[in-house]
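Ready for a few exercises? Have a look at the model first, then try each task before you read its solution.

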Amino acid sequence: MRRLRLFVLAVAALGLAGPAAAATGKEVVDTICAGCHRAGVLGAPRLGKAQDWKERLQQGRKTLYEHALKGFKAMPAKGGNPKLTDAEVRAAVDHMLSLAEADKGGAAGGGEAAAAKEATAAAPAPRAAPKPRVSAVNRFNRLLEKEADCNPPPPEDGIHDPENDGTHLLLPPKEAFTDLPKAPSGNCVDWVKALEDGYINPRYDRLDPNVQPIVMDLNIVREVKGSMPDVVYPHKQHTEWLDCSNCHPAIFVPQKGANQISMAAILLGQKCGACHGKVSFPVKDCRKCHSKKKPMTLQRTQTTQ
């Protein structure tokens, strides 16, 4: 998929979550900074270790604020969370320095003990084992499965490693998708409407941000038997995301009558099922595709045949 648009949801989502109350320095440290500063990842000064902070303290608090706000060496700006306000970042720096000062001053238990105590208090309760999301039996009809929960948090989605501390730092999809148009199926987001309304602006080319999509505004209507409405395939909504080569000729032969399409084939991951149910909305919402009603007289004729 040479020209498939980049669809970096996690990065886009960072700018979509709604406003939240200001976090305290301790909260920012527990949820963001501790991922590296607790263990000293890549040389990060450890929480409550006065010796680790000795040289940093000599640089002055203002310099430490600048490093935390703008990034320094391996540390990204604002700890990698651009949603943090400058005041929240400074409060986090103050909190870490207070832990170091406690260790330096020989306070009861020292800063290291204080940090360990905070880590214990902040440690999440033992996590229940994630429930299996897909049965090993009847995997062929996975597209019709009913999701138990729409957009579970990363530790429970069956994709990310729940034992990895970094997984718990990821922005939960429910928070990331707060402002996007809702849909009743899939991941509960109407991505077509999100694109139409300008909520997202995915790149069409991985390397060149100036490349524009070649949009084909053409509907293909596929007649079906019985009273079921005919299928409408909108090229426009597909070509706003994808290059023609994503579908032609490997999945759909661009020739009238050359494609045998059935619901059985789709459920087995063929034709439309190559994407729908995997990276696009599932096929259980019939009216999304069967959207062209037939005249009543034609319905009666086909029903009696």
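**Exercise 1. Decide whether phenylalanine 177 and tryptophan 191 are buried or exposed, then work out how their rings meet.**

Start with burial: phenylalanine 177 is buried, and tryptophan 191 is too (buried is under 20% relative accessible area, exposed is over 50%, and partly exposed is in between, using a 1.4 Å probe and protein chains only). Before going on, keep in mind that this is a predicted model, where local features need pLDDT of at least 70, side-chain atom pairs count only at pLDDT 80 or more, and totals for chains, interfaces and linings use all residues. Residues are numbered from 1 along each chain as its sequence is written, and side-chain values use heavy atoms, with hydrogens and water left out.

Next, count the aromatic pairs: the structure has 1. Rings of Phe, Tyr and Trp (its six-membered ring) pair if their centres lie within 6.5 Å; planes under 30 degrees apart are stacked, over 60 edge-to-face, and the rest tilted. Phenylalanine 177 and tryptophan 191 make an edge-to-face pair, with 5.5 Å from centre to centre and 90 degrees between the planes.

Last, place them: phenylalanine 177 is in the loop between α7 (173-176) and α8 (191-196), while tryptophan 191 is in helix α8, 14 residues apart. Helices (H or I, at least four residues) and strands (E, at least two) are DSSP runs, numbered from the N terminus.

**Exercise 2. Find which cysteines form a disulfide, and say what the pair ties together.**

Use the cut-off: a disulfide is a pair of cysteine sulfur atoms within 2.5 Å. That gives a count of 1 disulfide. Cysteine 150 and cysteine 188 form it, with their sulfur atoms 1.8 Å apart. Cysteine 150 lies in the loop between α6 (110-122) and α7, and cysteine 188 in the loop between α7 and α8, so the pair ties together parts 38 residues apart in sequence.

Now check two others. Cysteine 36 is in no disulfide, as the nearest cysteine sulfur, that of cysteine 33, is 9.0 Å away. Cysteine 275 is in no disulfide either: the nearest cysteine sulfur belongs to cysteine 247, 6.2 Å away. With a relative accessible area of 27%, cysteine 275 counts as partly exposed.

**Exercise 3. Where is glutamate 240, and why does it count as buried?**

Locate it first: glutamate 240 is in the loop between α9 (235-239) and α10 (263-267). Then check accessibility: glutamate 240 counts as buried because its relative accessibility is 15%.
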